[in-house]
Amino acid sequence: MSMFDLKGCVAIVTGGNGGIGLGMARGLATAGADIVVAGRQAAKSEAAAAELARLGVRTAAIEVNVADEASVRSMIDQAVARMGRLDILINNAGINIRKRPEEYKMSEWREVLSINLDGAFYCSHAAQPAMKATGGGKIINIGSMMSIFGAPFATPYAASKGGIVQMTKALATAWAVDNIQVNAVLPGWIDTELTQKAREQVDGLHNNVLRRTPAGRWGEPTDFAGIAVFLSSKASDFVTGAAVAVDGGFSIQG
Ligand code: NDP
């Protein structure tokens, strides 16, 4: 168990106030990590931080817009000031705007790219000095099946999530020397607020997910606790630049 022990570590989870982010945060807290929940909705983040504190770890809720570089730098500074160090960053905040490509306004294209891709880079860039200063760290970027596949209703989302995988590899090669491992997790279809909206917007989605997923079910936020602990712990110290699908077999189905 000590290989997976995160006691004494501090983790920031962007978008950790719900869905997959909260599922990962619960895993890290169960392994002993102190957690900073970072999101735009302060009340939602406070509630998640209070829930995580009941697992016996220190928690904090910090307001951030990951698409705003100054807001991101302030989040990292506040986290280090309040918690004392920074060991783990999960770049989980993300949105989708579903339309056919010809229907996007350019402002919508930019909004998706700036939250999903720019945001992950801003957070990583701001976090790296604090991690390097204490001898290393772990960065986990959240991609998607759209990191691999295309879909007619997700052009900026697919571009952002494809970029996440390549950014992960580039950062991994650069920061391995600082003992910072950078990996990506690619969720399949997971039951969260994000996909509740998708079910309303994409005809037949629910049945297609069940038919196309070998495990025969939607994923749940709890499915992300284990991978978060593994990629945040000493157990993964020689794993870097990887993109791990957590998808019930969706991406390997022929
Ligand atoms: P949710 O909508 O439940 O969570 C998204 C989170 O991102 C919220 O906590 C939200 O918090 C936060 N967020 C959004 N924009 C910003 C911003 N500008 N700054 C800070 N935080 C922000 O969705 P999921 O849990 O499903 O999604 C989490 C990640 O997983 C996303 O990156 C998504 O793309 C990815 N993913 C999800 C899949 C699924 O099937 N659900 C499949 C593949 C990937 P707040 O509102 O407080 O800002």
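The legends below describe close-up views of a ligand site and of an enclosed space in a predicted model.

**View 1. The shell of residues around the ligand.** Counting a residue as near when one of its heavy atoms lies within 4 Å of the ligand, 28 residues surround the ligand, and the closest are Asn17, Arg40, Tyr157, Ile190 and Thr192. These shell residues divide into 12 nonpolar, 13 polar and 3 charged, where Gly is grouped with the polar residues and Tyr with the nonpolar ones. Helix 6 (193-201) is among the helices that each supply at least two residues, and helix 6 gives the most, with 3 residues; helices here are DSSP runs (H or I) of at least four residues, numbered from the N terminus.

**View 2. Polar contacts of the ligand.** A polar contact here is a pair of N or O atoms within 3.5 Å. An oxygen atom of the ligand lies 2.8 Å from a polar backbone atom of glutamine 41, while a polar side-chain atom of lysine 161 is 2.9 Å from a ligand oxygen. For glycine 188, a backbone N or O atom lies 3.3 Å from an oxygen atom of the ligand.

**View 3. The largest cavity.** On a 1 Å grid over the protein atoms alone, a cavity is a set of points where a 1.4 Å probe fits but cannot get out, and lining residues have an atom within 4 Å of a point. The lining of the largest cavity includes Thr14, Val66 and Cys123, and helix 4 (residues 106-133) gives the most to this lining, with 5 residues.

Residues are numbered from 1 along each chain as its sequence is written. Local features in this predicted model need pLDDT of at least 70, side-chain atom pairs count only at pLDDT 80 or more, and totals for chains, interfaces and linings use all residues, while side-chain values use heavy atoms, with hydrogens and water left out.

Methods:
Polar contact = N/O pair within 3.5 Å; in protein donor to acceptor, adjacent residues only side chain to side chain. 1 Å grid on protein atoms, 1.4 Å probe; cavity = no way out; pocket = protein on both sides within 12 Å on 5 of 7 lines; lining within 4 Å.
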